[in-house]
Amino acid sequence: MIEIKQYISEVIHAGLAKLEIKEYALVEKSANPDFGDFSSNIAMGLAKTLRKNPLEIAEMIQVELTIDKKIISEHSVTPPGFLNFRVAKSFYQETVTQIIAAAGTYGRTDTGKGKNANVEFVSANPTGPLTVGHGRQAVLGDTIANILEWHHYDVTREYYYNDAGRQMRILGQSVAARYFEQLGREGDFPEDGYEGEYIKTIATEIREQHGDSLALDDKIFRTHAEELIFADIKNTLETIGINHDIFSNERTYYDNGAIDALVEDLRNKDLIYKSEGATWLKATALGLEKDRVYYKSSGEPTYRLPDTAYHRDKLNRNFDLIIDIFGADHADTYPDVLAALEALDIDTAPVRVLIHQFVTLLKSGERVKMSTRKATFVTLEELIKQVNTDVVRYFFIMRSMNSHLNFDLDLAVNQSEKNPVYYLQYAHARICNIIKNGAEKDLTVTGDLDCALLLNESEISLIKVLNVFPEVMATALENMEPQGIANYLHHMSAEFHKFYASCRVITDDHDLSTARLNLITAVKIVLGNGLGVLGVSAPERM
RNA sequence: GCCCCGGUAGCUCAGCUGGAUAGAGCAACGGACUUCUAAUCCGUAGGCCACAGGUUCGAAUCCUGUCCGGGGUACCA
């Protein structure tokens, strides 16, 4: 399939060559269809160096253009100096055939062929249920993994958690406190303890399974809590279609000596020192702003240390691409991790860190800080139960990861039936139904059609949008930002609904019906492919 | 204080690697179902793109500063 922008760009470059001008010509979609489909601002860029009016330059270039009329039907120059190009209808019309032939592969590239990628996401420590905050990262990460797979990367989805630190110890203590409370004894609830109701449930379950005579410091409290909470987390993730391939944890890196080895290696580079009872990484020697603690004066390591060992291990596993998805609160930590590894001559180039902003919880118009410890959260499970998976996934994906997201459960539930995801799904279902109706009249989709019959304005604009899909998917890979796909699919659906309102597909005109059936099949393919990557279902009926 | 995000319609957000007239959904108002699904379509209304400078042929978009909100700057994760 000829990539139209590239074609125009080549045409312009050929014209420039004749004028002995070397300059990169950017071609973009025209904002206003009156000017054509694509335009280039090359003349304006040249105005200064050539010391000429951009309009004159544009006209000069235009004369030198050699254009295939079958691809570009007309071209013009408009003030202040745009070169405009209108794509021939016949060119557009034929892409329908090509999309149907490509079907499930339309829009895919081989960028990732033969390459391995690792996407680490969610990675919440098992101290409580997943919240809507985690939901954002979960959906984002899974969708990014899907995008990579779409472009033929071999993807490993990974969940990393800290199970050896302070957090988990406090979790165990919180459970123990509730356990003794239930036995009528004074529970010594830790100051930073986990206050959620689920802690009580876990305590009750421990009593049922292990009796009432456990000692305060029994390991059961922690291990049982971790087990139950993890089961709950995995279950929630599975409900929205997320399955990690690997769960890795901090403890592994203590057990296999990786952490000691890391500290030793850094010490040999003179990057470790002791001060005020703590052990520090000399990050300032690596060009960073301040030194960081590896071991607290209590002897306990900070999360930074195992995280660094973990990343060393990930890099050793030879992935071509390693994606870390962190919330904004972690934005400050990865530079230390990467710098420490670079200091050990480890190439961290495969690592790409994506930071997403937080979900702000609103309760009766007020901001509430979501905290697992204080149990001020809305669980992801709760959200899924009240709306559905498709709504949840789309809800998170339709926002840019850079934007702060306000979340009000009541509002989310009340507005769920207005979620734009239904707009996309409805378009898909409508198409399926029409195809079914066509089949009953022996009209089938074979990709064999008279493209020239697709003349209606709404048909042409539909085809134009279909054509953009590969570019949208390529950009999503480049930017690692799924939102663009959601925006595009919404636009695609809007064009379809408009078409539906102005053109009837199944009529007595056999050839026209066939042509239109093929056209909407192409739309179905694009919607199906796009929704598939978003992890949203494409229903046949609604 | 310093660093990172954000500030666009009443609300939630697109557009941000500079382009021609700033978009969508929700909310509001008015139309369209004897015809393949009205979860749809068509129309009206709604904007000093936070503010002030700068860069240039051209700025919502880039730079600087200010203000507001979120996060970080912890021997929490």
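Contact here means heavy atoms within 4.5 Å, and helices (H or I, at least four residues) and strands (E, at least two) are DSSP runs, numbered from the N terminus. This is a predicted model, where local features need pLDDT of at least 70, side-chain atom pairs count only at pLDDT 80 or more, and totals for chains, interfaces and linings use all residues. Residues are numbered from 1 along each chain as its sequence is written, chains are lettered from A and ligands numbered from 1 in the order in which they are written, and side-chain values use heavy atoms, with hydrogens and water left out.

**Exercise 1. Find the surface near RNA strand B and say what it is made of.**

Step 1: Start with the neighbours. A residue is near the strand if one of its heavy atoms lies within 4 Å of it. RNA strand B has 60 residues around it, and the closest are Asn32, Arg399, Tyr426, Asn433 and Asn437. Of the strand's atoms that come within 4 Å of the protein, 62% belong to sugar and phosphate.

Step 2: Sort by class. Ala, Val, Leu, Ile, Met, Phe, Trp, Tyr, Cys and Pro count as nonpolar, Asp, Glu, Lys and Arg as charged, and the others, Gly among them, as polar. That gives 21 nonpolar, 23 polar and 16 charged residues.

Step 3: Look for the elements. Those that each supply at least two residues include α2 (42-50), β4 (82-87) and α16 (421-440). α16 gives the most, with 8 residues.

**Exercise 2. Pick out side chains with polar atoms close to RNA strand B, such as that of Tyr423.**

Step 1: Fix the cut-off. A polar contact is a pair of N or O atoms within 3.5 Å.

Step 2: Try the phosphate. An N or O atom in the side chain of Tyr423 sits 2.4 Å from a phosphate oxygen of RNA strand B.

Step 3: Now the sugar or linking oxygens. Asn162 has a side-chain N or O atom 2.7 Å from one of them, and for a polar side-chain atom of Gln357 the distance is 3.3 Å.

**Exercise 3. How do α16 and α19 pack?**

Step 1: Get the geometry. Axes are lines fitted to C-alpha atoms, for helices over the stretch in contact, and angles run from 0 to 180 degrees between N-to-C directions. α16 and α19 (residues 510-534) pack at about 140°, with axes 10 Å apart.

Step 2: Name the arrangement. Angles under 35 degrees count as roughly parallel, over 145 as roughly antiparallel, 65 to 115 as roughly perpendicular and the rest as oblique. So α16 and α19 are oblique to each other.

Step 3: List the residues. α16 brings residues including Leu424, Ile431 and Gly438, and these meet a set in α19 that includes Leu517, Lys524 and Leu531. By class, this contact has 11 nonpolar, 4 polar and 1 charged residues.

**Exercise 4. Do the same for α5 and α14.**

Step 1: α5 (residues 132-150) and α14 (residues 389-397) pack at about 85°, with axes 9 Å apart. They are therefore roughly perpendicular to each other.

Step 2: On the α14 side, the contact has Arg393, Phe396 and Ile397, while α5 offers Val132 and Asn146, among others. The classes come to 5 nonpolar, 3 polar and 3 charged residues.

**Exercise 5. Hunt for backbone oddities at Pro80 and Ala103.**

Step 1: Check the bond from Pro79 to Pro80: this peptide bond is cis, with omega near 5°. Pro80 is in the loop between β3 (72-78) and β4.

Step 2: Check phi at Ala103: this residue isn't a glycine, yet phi is positive, about 45°. Ala103 belongs to the loop between α4 (89-102) and β5 (116-120).

Conventions: Polar contact = N/O pair within 3.5 Å; in protein donor to acceptor, adjacent residues only side chain to side chain.
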